[in-house]
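Please work through the exercises below with the sequence and the model at hand. Each task is followed by a solution in steps.

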Amino acid sequence: MVTLLVVVFALMIILTAIGNTTICYIIYRVRRLHSPSHLFLVNLAINDIMVGIFLLPFGIASLIQESSVVGKTGCDIIGYFQHASSTVSVLTLSSVSMDRYLAINVPLKYKGWVTKTRTIASIVCIWLYALITAGFPLIGWSRYQYTPGLWLCDTDYNIAVSFTYFKLATLYFLPLASIIFIYISILRIALRHSRQIAREVEALQQRELNSAFEPESSAGESAIKATGQYCVRKPHSALRADIKTSLTLACIVGVLFISWTPYMVVNIWSFHSGLEAPVVLQYVVSVLYYINGVINPYLYGYMNRVIKREFKTMLQTARTLCARIKEKKVHPTEVT
């Protein structure tokens, strides 16, 4: 079992680093993706990379040794970063959800309200809040200790009950409730938009049917009407694109809470019952907890058409270079 978990963790580190680095590179390279929502995704990807590079290796070492490989100070540092990274993930996805809500609910004011400068300021505030709240256990409000099932250091759920409730509320329940409310609102807008398109299509069909019985002299007027209808319907394309982007991001949000929920449920159960969960169950929920950072880039890359196209282009370029190197037409040192 330990060997299998070590292999799984090693694969998770590799896939997390490759997937999230690729997403960051593609967003940097494609100007079309330089939008506030994608800045939030870059922040999420950077956070996942840091977790994969700096936290998971300690998890592998602790898993092999079956105990913590660091002392009290090291445990505090790991626990601090663990708490901060979790906070950044949740608040970033909450911010992405709010960004999509504003883009769909108030599209005419969106660009004036949501700018790159304000988005960057929001990201800075997210990190400041995460770093401050992660420091509470270091000044006496709870403490960090090694958690065997997590293989890393996390807050002690029993020593400060108030902090436990604070953590559960701010890292799980409140963000989950707000995100559910936001995406229900987006869904209602999407349904209203769908009904509006159906009414306009029906009106256009009726207009075309009526124009068939009009004299030819009114053809110019009919053309003007058709052009006007096109102009009225044109914003629907942008709205459909925003709704599609929102649904894609909703999948990412859903993956995070689906992967975190078993871990939260097990911890809440252990906290209230005073019993430890079976070892196998701890292993399963811990792997699910960490796998979120692996899935995010590949899910978004699969569901976003622009990123998918750029990723295919990169793969094709890599295959071409490998083929040319194999045929000895290009020396490996010439590949940059």
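The exercises treat the overall fold, one helix, the salt bridges and a surface patch.

This is a predicted model, in which local features need pLDDT of at least 70 and side-chain atom pairs count only at pLDDT 80 or more, while totals for chains, interfaces and linings use all residues. Residues are numbered from 1 along each chain as its sequence is written, and side-chain values use heavy atoms, with hydrogens and water left out.

**Exercise 1.** Determine the secondary structure of the chain and the order of its elements.

*Solution.* Take helices as DSSP runs of H or I with at least four residues and strands as runs of E with at least two, numbered from the N terminus. The chain then has nine helices and two strands. Read from the N terminus, their order is α-α-α-α-α-β-β-α-α-α-α.

**Exercise 2.** Compare the span of helix α3 with its expected value, and establish how far the helix is covered.

*Solution.* The expected span is 1.5 Å times one less than the number of residues. For the 34 residues of α3 (residues 72-105), 50 Å is expected, and the distance from the first C-alpha to the last is 49 Å, close to that value. Next, apply the accessibility classes: buried is under 20% relative accessible area, exposed over 50%, and partly exposed in between (1.4 Å probe, protein chains only). In α3, 26 of the 34 residues are buried. Phe81 lies in this helix and, at 17%, is buried.

**Exercise 3.** Characterise the salt bridges of Lys72, Arg143 and Lys167.

*Solution.* The criterion is a side-chain nitrogen of Lys or Arg within 4 Å of a carboxyl oxygen of Asp or Glu; the structure holds five such bridges.

- Lys72 pairs with Asp76, with 2.9 Å between the closest N and O atoms. The two are separated by about one helical turn because they are four residues apart in α3. Lys72 is exposed at 54%, whereas Asp76 is buried at 18%.
- Arg143 and Asp156 meet at 3.1 Å, N to O. This pair links distant parts of the chain, 13 residues apart: the loop between α5 and β1, and the loop between β2 and α6.
- Lys167 and Asp154 approach to 2.7 Å between the closest N and O atoms. This pair joins helix α6 to strand β2, and both residues are buried.

**Exercise 4.** Which helix gives the most to the nonpolar patch?

*Solution.* Helix α1 (residues 2-29) does, with five residues. Ile18 is located in this helix and is partly exposed at 49%.
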